[in-house]
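Biologist: I should like to learn how aromatic contacts are read from a model. Please take me through them.

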Amino acid sequence: MSTLSQRIRTRSANHSEAAKPPFENEVGKEQDQSQVVHDMQLEATQQAKLFDAQIHKLKKERRFFAKARFLFPLGILLGILLGFILIQPSDFQDIHSNLLLLMEEYDISLRIPDIDLSRVELEWRRFRNNIPEVWKLNNDGREFKVGEAMKARGLTAHYPIVLVPGIVSTGLESWSTSPEYRPFFREKLWGGFNMVSQVIFNREKWISAMMLDPVTGLDPPGVKIRAVEGVGAASSFMTGYWLWSKIVENLAVVNYDTNNLHLAPYDWRLSMWNLEERDGYFSKLKATIEGFKKRQGKKTIIAAHSMGSTVMLYFFKWVESPEHGGGGSHWVENHIESYISIAGTHLGVAKAMAAFLSGEMKDTVQMNPAGAYVLERFFSRKERQKLFCSWAGSASMWIKGGADVWGDANWAPDDEPGSSHTHGELIAFRQAAVPLSAHDITQPTRNMTADDASTWILERTPSTFQKMIWTNYSFGIERSEQALKKNALDPRKWSNPLEVQLPNAPSMKMICVYGHGKETERSYWYTHGPHDHEESFVEVEPSTCAEPTDKCKHTPRPPLDSSFSRANWIDAEYTQETTTPKVRNGVKMGEGDGTVSLLSLGAMCVEGWKRPRWNPGGIKVTTVELPHQPAPNIPRGGANTSDHVDILGSTGLNELIVKVATGVGHEVEDHFVSRIREFAQRVRWD
């Protein structure tokens, strides 16, 4: 059709240029117009026939496997197979209540009689028992193997152990008794298939229940959500998706049980301060560890995963503080034998910044178009951003150290030689996705370093979120030893390893273990449109608070008193696989474990904590990098995966934890597969 348009324009131009008398010119124009219309009709008819022929040819050439008559039955079979694998016998008891909930959601008034499904449950249980274990997603044939190998060496439980989950790993259940939330009582709202059903059929109530009060950071009126207790709180996220269960299984083989093993779940939505304020989390953890010491006469091993490592860093300072835990400067030395940081988010996570800014991350922008459309229609970017900004706990993963750690406009410690664009520009812009109005007073956005991006993102969040940030966290770098000692009394600093010192515990051993070899989001290409008129920010005061005691600096409002910022989102249309670094759907890829970048995982372990400034007690820090070598025929990679979450099931990590727990931790030595030592030396520590 473009060729046709070009011909029409050419003919019109030629005829308009011809010099003719007025009368002849009018007659000629009518004839030419008739000819043009005739030519258009002929060519349109020909192209329609050609198009029909091509469609017919494609239908004939399409393979049987791509036809609906094959795909539709295949979908049914896969659905039945997933039902066999995932549905537990106990789930039948919930069918009636879930059906009633669905009917209530769509205002269907129909009386459904109670049906006894106990016989169905019994037959389903019998059927599942006959399914080979390797067919079940929760098992892959490696269960208990590491523990059995250690037991064969004569090793047995030696030290009590505490396991600390990461963000979103702990299940959350409702204790709300207000009428609108009673259907959720003691039901999991995070984790398990009940969460999936609530999100699908009762989305508005689920969001309102999971969202924290933006001012207090605690439960909103009428809502009470608490962390699930016990080892099962984080053993599996849902049926078929294990988390800590592999580690628990192997520890059980060498004589661990609930008398010497404690899983410390927590409500990861809360800020560190509110974890203690509302739930007494750190007081309970302190009592548990002291109880182990009193009963067994031995110090405790702590193994923390992901955000759990940040929680433990805070705990070490909290327990020493005379105004909080009251344990004194020697409590950690007297009670902790070893601390294992598993895929720790020590210096923050880039994807947290994108989530707070636009409710996006690599996982959302790299979905296929159909999935992305469904996600946006069902759970939009604005809704995700609003939810993230109410969860103060996730702000603990804000990137720390600024340009000194993450680089500037010309350089980053983890830039590859010959890079066409530096990771030091955490957020960069190509162009505006929508042409800006002539009345738009906002200046074109420049590329931003970690420092610039932190300020810029905060300016685009509600003032309640800004105040929460500055009253709970600090993200800088402190080089003065005198100031570092003073920071031991400031809870805002305790989750930042660059602003506090490790405890004075020279006999405690510290092990950083994490995966490497999986592409990880490191920085972003963003694009922006006109002013954002979304109602979620209409009530928000456009201010940026520098400190909790300072007055807020007000930003001029855009025209017509609209929201104070333009809409911004990851430039998902931009992909460039041939450049360094690779760009995939607007995400610049770097090194890491698929979630946390290498700098955050290892820089403190190999360099920062080797310096007396941040490690005055001289704690021995061992770093173990596990290469990501997944088996392609196993859904989650098998024994040698080192993905951020799947590492919990890897043989290497399980061997390390069991060795430390059974008293042979001296066998664990430094092991590197990346260039983290080189990258860490480029960080501006001094």
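The dialogue below concerns aromatic rings and their neighbours.

Modeller: This model is predicted, so local features need pLDDT of at least 70 and side-chain atom pairs count only at pLDDT 80 or more, while totals for chains, interfaces and linings use all residues. Residues are numbered from 1 along each chain as its sequence is written, and side-chain values use heavy atoms, leaving out hydrogens and water.

Biologist: How many aromatic pairs does a search of the whole structure find?

Modeller: Rings of Phe, Tyr and Trp (its six-membered ring) pair if their centres lie within 6.5 Å; planes under 30 degrees apart are stacked, over 60 edge-to-face, and the rest tilted. The search yields 28 aromatic pairs. In one of them, Trp190 and Trp268 meet edge-to-face, 5.0 Å centre to centre with 65 degrees between the planes. The two residues of this pair are 78 residues apart in the chain.

Biologist: Are Trp190 and Trp268 buried or exposed?

Modeller: Buried means under 20% relative accessible area, exposed over 50%, and partly exposed in between (1.4 Å probe, protein chains only). Trp190 is buried because its relative accessibility is 13%; Trp268, at 1%, is buried as well.

Biologist: What geometry do Phe429 and Trp456 form?

Modeller: Phe429 and Trp456 are also edge-to-face, at 5.7 Å centre to centre and 80 degrees between the planes. Phe429 is buried at 9% relative accessible area, and Trp456 is buried at 8%.

Biologist: Which residue lies over the face of Tyr241?

Modeller: A charge sits over a ring if NZ of Lys or CZ of Arg is within 6 Å of the ring centre and within 35 degrees of the ring normal. Arg636 lies over Tyr241, 3.8 Å from the ring centre, and Lys588 lies over Trp525 at 5.3 Å.

Terms used. Helix = DSSP H or I, 4+ residues; strand = E, 2+ residues; numbered from the N terminus.
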